[in-house]
Amino acid sequence: MSFFSATRATSSRSPLASLCDRAASSPAPTGSGELGMAVLLRGTSAAAAATAGPSSALLATTFCRARGCGRLLPAAPRLQRAFAARASAQPLEVCAKESITVPGHLGDCPFTQRVLLTIEEKHLPYDLKLINLANKPDWLFEINPEGKVPIVKLEEKWIADSDVITQTLEEKYPEPPLATPPDKASVGSKIFSTFIGFLKSKDPSDGTEQALLDELTLFDSHLKDNGPFVNGGAISAADLSLGPKLYHMEIALGHYKNWSVPDSLSHVKQYMKSIFSMDSFAKTQALQEDVIAGWRPKVMG
């Protein structure tokens, strides 16, 4: 698509290293152009690096960290074959909101970050096209009549809605598995809506703060008994959905209400720290100023 200005980042690190840690590689210097209303970024997820070399080299650098010790063990052959195949695969195309404060940077949509986290944690290569939602290009409506993002192109078909996108990715790329068991899939699902209610509230006595605290307390209890993540010791889809929402909650409530998660909810605080410190999260998170600006209409409205 010639209407995109291209900025491509290539990692110098093996794209398959630290499989069990699922650490995304660090971006390298990029170049840029100015040809249109969107910005194209080459995703540097763990399977995307162009410098990785032939498949045999990729397999040789694919490892899992043994649980409970510091030894590195070779990854299962099935995973090796899957990730080696992805290294040369055609990158996924992802359309996402562009920053409203820093052009050329990812915007503040938590649903987009959920999709990008899923792609990163599955070590899939991708091209990220940033869309100025205040001046949507005509081609966006051609591929999605509603003009909404995120949307992802899979097998020549554009897919919208983060729920549908992440489910499709799980079905098409089942390794590493990220599906959350049905009995845990809804854990923490009411936190986001109660956060928004509290953020919008102008009456300190209307119960919205307590509603949020109640949901966070339930989540804290779950983590205490089942943690450190929603599904125990491994990251799953529920964490990739909830993490971006907690990030928005922390920034927005801290800025607009000088509020933070109480220290008594220690498991929630540790959970947030763990999620936010993931390489894939740091790579796909919005700028704090974008989160603040994004929620301003809700606060002022």
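**Helices 6, 8 and 9 and a nonpolar core**

Reader: Why is helix 6 (residues 191-200) largely enclosed by the rest of the structure?
Author: The model is predicted, so local features need pLDDT of at least 70 and side-chain atom pairs pLDDT 80 or more, while totals for chains, interfaces and linings use all residues. Residues are numbered from 1 along each chain as its sequence is written, and side-chain values use heavy atoms, without hydrogens or water. Helices are DSSP runs (H or I, at least four residues), numbered from the N terminus. Helix 6 is largely enclosed because, of its ten residues, those that are buried (under 20% relative accessible area, 1.4 Å probe, protein chains only) number seven.

Reader: Which helices do the buried residues of helix 6 pack against?
Author: The buried residues include Ile191, Phe192 and Phe195. They pack, by contact (heavy atoms within 4.5 Å), against helix 3 (110-121), helix 7 (208-226), helix 8 and helix 11 (288-300).

Reader: Which element gives the most residues to the largest nonpolar core?
Author: That core (buried Ala, Val, Leu, Ile, Met, Phe, Trp, Tyr and Cys residues joined through side-chain atoms within 4.5 Å) has 42 residues, of which Phe195, Phe219 and Met249 touch the most other members. Helices 6, 7, 8, 9 and 11 each give two or more residues. With ten residues, the most comes from helix 8.

Reader: At what angle do the axes of helix 8 (residues 237-256) and helix 9 (residues 266-276) cross?
Author: Leu246 and Met249 are among the helix 8 residues that meet helix 9, where Met272 and Phe276 are among the partners. The axes, lines fitted to C-alpha atoms over the stretch in contact, with angles from 0 to 180 degrees between N-to-C directions, come within 10 Å and cross at roughly 105°. The crossing therefore makes helix 8 roughly perpendicular (65 to 115 degrees) to helix 9, at roughly 105°.

Methods. Parallel < 35°, antiparallel > 145°, perpendicular 65-115°, else oblique. Buried < 20%, exposed > 50% of the residue type's maximum accessible area, 1.4 Å probe, protein only.
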